[in-house]
Amino acid sequence: MTRTRRGLVAAVTSLALTGAAAGAAVAGDDDVLRRGSCTGSTDWKMKAGPDDGRIEVEAEIDSDRVGQTWRWVLRHDGAVVARGKSRTKGPSGSFEVDRRTADHKGTDSFRFKAKHQGSGERCVGRVRR
């Protein structure tokens, strides 16, 4: 194998390993990920996974428009665990809510609802873990 080819193989292998490590950090094997569409052109994504004896829940609204105001509520097994108002930010026109909750016995159910204050568009995401 030529010296140039060995260098190319090493570089490609290094990039592949770096990409695999980055992907593993984003979503673990025990994470549950769900995606869907809202009542308009916006999309939602939810992820729930273990975090030191608790459950980390992430919900994202992606409207592709910067500066929109959304009101949202996060429920865990029917009980409100967080609520708020968020603004979509650049460059992607999205916002994310990240919370850690108790890990209840059995299957935990999460529901994230968001409403755009200008258009009334609604998003409802659900994930069970």
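The following conversation concerns a predicted model of one protein chain.

Trainee: Which secondary-structure elements are in the chain, and how many of each?
Mentor: The chain has 1 helix and 8 strands.

Trainee: And what pattern do they follow along the sequence?
Mentor: The pattern reads α-β-β-β-β-β-β-β-β.

Trainee: What share of the residues counts as buried?
Mentor: The chain has 129 residues, and 31% of them count as buried.

Trainee: Then the surface: what area is exposed, and what do carbon and sulfur supply?
Mentor: About 8300 Å² is exposed by the chain, with 49% of that area supplied by carbon and sulfur atoms.

Trainee: Turning to the interior, which residues touch the most other members of the largest nonpolar core?
Mentor: Those are Met46, Ile61 and Phe112, in a core of 20 residues.

Trainee: Which elements give two or more residues to this core?
Mentor: They are β2, β3, β4, β6, β7 (109-116) and β8 (122-128). The largest share comes from β3, with 4 residues.

Trainee: Back to Met46: what does it touch beyond four places away in sequence?
Mentor: Its contacts include Val32, Leu33 and Arg34, and also Val57, Glu58 and Ala59. Leu74, Phe110 and Phe112 are among them as well, as are Gly125, Arg126 and Val127.

Trainee: For the chain in general, what part of the contacts between residues at least 6 apart joins residues at least 24 apart?
Mentor: Of those contacts, 50% join residues at least 24 apart in sequence.

Trainee: Now the backbone. Which peptide bond is cis?
Mentor: The bond from Gly90 to Pro91 is cis, and its omega is near 5°.

Trainee: Where is Pro91 found?
Mentor: Pro91 sits in the loop that runs between β5 (79-87) and β6 (94-102).

Trainee: What is phi at Asp52?
Mentor: Phi of Asp52 is near 50°, which is a positive value in a residue other than glycine. Asp52 belongs to the loop between β2 (43-51) and β3 (54-62).

Trainee: Is Asp52 buried or exposed?
Mentor: Asp52 is exposed, because its relative accessible area is 79% and the cut-off for exposed is over 50%.

Trainee: What about phi at Asp77, and where does that residue lie?
Mentor: Asp77 is not a glycine either, yet its phi is positive, at about 50°. Its place is the loop between β4 (69-76) and β5.

Trainee: Why does Asp77 count as partly exposed?
Mentor: Its relative accessibility is 36%. Buried requires under 20% and exposed over 50%, with partly exposed in between, so Asp77 counts as partly exposed.

Terms used:
Residues are numbered from 1 along each chain as its sequence is written. This is a predicted model: local features need pLDDT of at least 70, side-chain atom pairs count only at pLDDT 80 or more; totals for chains, interfaces and linings use all residues. Side-chain values use heavy atoms; hydrogens and water are left out. Buried means under 20% relative accessible area, exposed over 50%, partly exposed in between (1.4 Å probe, protein chains only). Contact means heavy atoms within 4.5 Å. Accessible areas come from the Shrake-Rupley method with a 1.4 Å probe; for residues, only the protein chains shown count as cover. A nonpolar core is a set of buried Ala, Val, Leu, Ile, Met, Phe, Trp, Tyr and Cys residues joined through side-chain atoms within 4.5 Å.
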